[in-house]
Amino acid sequence: MSDHTVPWQEWEGRIVPRAFSVGYVVLSYAVSYVGAWTTLELINRRTSGRGLYNWYLLVGSSVSMGGIAIWCMHYISNRAIIAYSPGYTAVSFFVPITVLLVAFIALGPDDRVSIIRVAIGGTLAGLAICGMHYLGQAGISNYICVYRAGNVVGSAIIAVVASIVALSVFFVLRAAWTNSWWKRALCAIILAGAVFGMHWTASIGTHYRLKQGDASLSHSISRDLTVIVVIVLSITACFILFVFAILAQRRRSRSANRAQHVVLASAIFDEHGRLLVTPEGLLPNQKITTSHIERSLPEEFGVSHPIFQWIFRITRNWSSISSLLPGMRNHLYRASNQKESRPTLKSEANNENETTDDYSIIFRELFCIAAANLAEQLNERLENMGILFDEIFGTGQETSSKSNPQWASLESTDDIENYSPAMLGRGQLLFLVRRVDRKEAERLAASGYRFADIPNVAHIVARSMQIKSNDFQGSLSSMCEYSSNTNILSPGVYIACFAIRASIRGSFDVIVRKNARNQLPTMRLPIDDLSNWQIAYLAQLDGFSVTACLKFLKENSASSEVTKKEQSFATQLYNVLLELKENINDTFFDDALLVGRPISTPCYGSGGDAKPAQATLIAFRIIVPIQFRAQNVKLRFTPLTFFRTQQYVYRHSPDHARFARKIHKEFGPILNKRRLSVKDDAKALKSAKSLRKFRRRSRMNPRMVDISMPAEAPRAHTMPLNLKFWNRLSSGEPKTLPIVTLDNASDIQLVETQTFGGLWLARRLALMLEILRKWVKRKAVRGSI
């Protein structure tokens, strides 16, 4: 309103002329917009109805909307000669905040959009806008407000409808994870428009009758004080938006930087298969080390690498290293000091007798510390961090085939799957996967994380972490299934296919089920166990091909010369074998040869927590050419050494205790060597400081070699073993394998002496090896390979 030059006494009791300043109109909308945008940014980060973190966000969003977008906007637009009562002014500040707090609680933190909740929340928000406006008007001490009914109703409708529209659009975008910052900014325009439209619609229909002629009221709030409060609150909102922008940019930069390193991430799924992420759509993660540089092709860091297999087993038995973590931190702290004080490490890298320079040990320690830090980040016990997913993802900048001839030599996607992901990018990404119940999911949500549907966040995670995968969404779905399925057989009798081939890495691959990469292709018979006469019946088919077995079984099932129980057994074998053949759907299986004596393998026990029982496998073996590719999309090849490792890690496996003893035997002397002084030890035991110092020194000193580079295979795999594996059913007595030394990298020696978790006797594997040798020799003479 304008201040006319007519004396105030002449206007007492009369309607005062008014005029609106364009500058204040624009400024009022700008203030409202800043408050509305800050409100949506705070709501966007809310993850649950519990936890102090979420309550801070809830109260902050209510203050931002009620105190800045509404209250500040109102008093900026009513600037000029209006004087306000302190009581009404205070009430008008807290009432909209309280109403909006109820509105935002009604909206809820869930990703699921509820029309009823949005309608209730939007209506309450609109009423808060109207309520604040008319409370503020009631606080005017020098005028009597005269309202026009049409404008009152119209302003209320504008406030409610615009609030519902703004919140509906916002929550729909939020649920779909498509609410980037500029979309939230557009939603803020609508939400600020609700405040702006309501206020000015009501103001146009409001007239002011002067109550008294004295312009200076002793009991009114100074207009300058009001402006100061508005400015302070508005600047606070701008500061919050600035901090959010800085934090978002920092997270993006950190994520892009970690894409060049070896990183450990946590993939946690709730009961509905939703993935846990930060409010920005990122996975909780910790950097293991800056790089893992291998010396040659066989040392590429993939699932066949001994170090990966070591940490794969560790994640199935976290308790084996939990007591070693303080010593590992000390060892890394000492190692960082030693590397900094030495001019070079090149000569030391060749000194295998120097325990502290065993870089494979350093890398394993870094992995364990990264897992412990990730558990601390999630406020979780290390034992509950989950298991390592059996695939490594390449991250960062891609390596072109022209610059990498090894990559160009891969001829198929099957080779690409089994080859090292290090060739796909500069970094590697490992995943710990687990599934949580409802109570644990609520705890994680209360601590500031969100659970989102995989299709909504897969592209965000892949882009932020620069993951090189053609189907990362499918990989996340596989992780979800992997976290809830132990992939161990149920009790019974199965027909299985064991097919191996030579690998381009110089070792062997075995064909497995794609959805259970620790299991061979199998099909179950409709019987629970094999009798002695059934074992004898199978013995006569030893060495028969699948085609020959099908012919023999078909004839026996219809023959009158055999007993009825043999006819029934032959019919069962024929039907299941034919079903397995159709399931594999590849001609190579026709030539597979039957191993006449069944094999015993662990399976689920009778109870949920019971120890594994024994299932029985009737196996067909075959060695396929090196150029063979699985045609069935349900099958794939996996490294034979990794397949063997997976046979040790089923639940309640007796090998867990043996492996834990080997770890303590290997790491104990290292971690107890050259203990630090009490002062240095106290510094090194701080959870993350020593590791950060170690990494910082590595970056600052260019002469330092990344001590996480493994030079040799882990010593944990070079210890002699004397273990009992899965057994034949012929005698019923457990067999003890010969003592084997695993320090030989050759899979040939491994095939001759091991049972791959007890699948076959050593003599059968030796026979298969001899066939393979003859085949390779014959193909070499012909020039086929």
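What follows is a conversation between a trainee and a mentor about a predicted model of a protein chain.

Trainee: Let's start with the whole chain. What makes up its secondary structure, and how many residues are buried as a percentage?

Mentor: The protein chain has 26 helices and 16 strands. Of its 785 residues, 54% are buried. It exposes about 34600 Å², and carbon and sulfur atoms supply 57% of that area. Among contacts with a separation of 6 or more, 82% join residues 24 or more positions apart.

Trainee: Why is Thr278 called buried?

Mentor: Buried means under 20% relative accessible area. Thr278 has 15%, so it is buried. Its place is in the loop between strand S4 (275-277) and strand S5 (285-289). Setting aside neighbours within four places in sequence, Thr278 is in contact with Trp177 and Tyr449.

Trainee: Gln466 is also in a loop. Why is Gln466 called partly exposed?

Mentor: The class in between buried and exposed runs from 20% to 50%. Gln466 is at 24% relative accessibility, so it counts as partly exposed. You will find Gln466 in the loop between helix H16 (454-464) and helix H17 (472-484).

Trainee: And what makes the phi of Gln466 worth a remark?

Mentor: Most residues other than glycine have a negative phi. Gln466 is not a glycine, and yet its phi is positive, about 50°. Asn585 is another case, with a positive phi of about 55° although it is not a glycine.

Trainee: Why is Asn585 called exposed?

Mentor: Exposed means over 50%. The relative accessible area of Asn585 is 58%, so Asn585 is exposed. Asn585 sits in the loop between helix H20 (564-584) and strand S13 (593-594).

Trainee: Phe588 is in the loop between H20 and S13 too. How do you know whether Phe588 is buried or exposed?

Mentor: Set its value against the cut-off of 20%. Phe588 has a relative accessible area of 8%, so it is buried. Not counting residues up to four places away in sequence, Phe588 touches Cys497, Ala499, Ile511, Ile622, Val624 and Phe628. Phe588 and Val546 are 42 residues apart in sequence, and their C-alpha atoms are 9.9 Å apart in space.

Trainee: Now two arginines. Which class does Arg651 belong to, and which does Arg629?

Mentor: Arg651 has a relative accessible area of 52%, and the cut-off for exposed is over 50%, so Arg651 is exposed. Arg629 is at 17% relative accessibility, and the cut-off for buried is under 20%, so Arg629 counts as buried.

Trainee: Where do these two arginines lie?

Mentor: Arg651 lies in the loop between helix H21 (640-646) and helix H22 (655-671). Its C-alpha atom is separated by 9.9 Å from that of Pro602, 49 residues apart along the chain. Arg629 is in the loop between strand S15 (613-623) and strand S16 (635-639). Arg629 and Arg501 are 128 residues apart in sequence and 9.8 Å apart in space, C-alpha to C-alpha.

Trainee: What makes Ala372, in helix H12, a buried residue?

Mentor: Its relative accessible area is 12%, which is under 20%, so Ala372 is buried. Leaving out residues up to four places away in sequence, Ala372 touches Leu325, Arg329 and Leu382. The C-alpha atoms of Ala372 and Gln286, 86 residues apart along the chain, are separated by 9.5 Å.

Trainee: Which residues touch the most other members in the largest nonpolar core?

Mentor: They are Phe308, Leu430 and Phe431, in a core of 79 residues. Helix H12 (residues 359-377) gives the most to this core, with twelve residues. A second, separate core has 50 residues, including Val118, Ala166, Cys187 and Met198. As for Phe431, apart from residues up to four places away in sequence, it touches Ala265, Ala267, Leu283, Ile387, Leu388, Phe389, Phe393, Phe472 and Met479.

Trainee: One last pair: how do you know where helix H1 meets helix H5?

Mentor: Look for heavy atoms within 4.5 Å. Leu40, Ile43 and Asn44 in H1 meet Phe170, Phe171 and Arg174 in H5. By class, that contact has four nonpolar, one polar and one charged residues. The axes of H1 (residues 22-44) and H5 (residues 149-175) come within 12 Å and cross at roughly 35°, and the crossing is right-handed.

Definitions and conventions. Residues numbered from 1 in each chain as written. Predicted model: local features only at pLDDT ≥ 70, side-chain atom pairs only at ≥ 80, totals over all residues. Heavy atoms only, no water. Axes fitted to C-alpha atoms, helices over the stretch in contact; angles between N-to-C directions. Helix = DSSP H or I, 4+ residues; strand = E, 2+ residues; numbered from the N terminus. Left-handed = near helix turned anticlockwise from the far one by under 90°. Nonpolar A, V, L, I, M, F, W, Y, C, P; charged D, E, K, R; others polar. Core = buried A, V, L, I, M, F, W, Y, C linked by side-chain atoms within 4.5 Å. Buried < 20%, exposed > 50% of the residue type's maximum accessible area, 1.4 Å probe, protein only. Areas by Shrake-Rupley, 256 points an atom, 1.4 Å probe, with all protein chains shown as cover.
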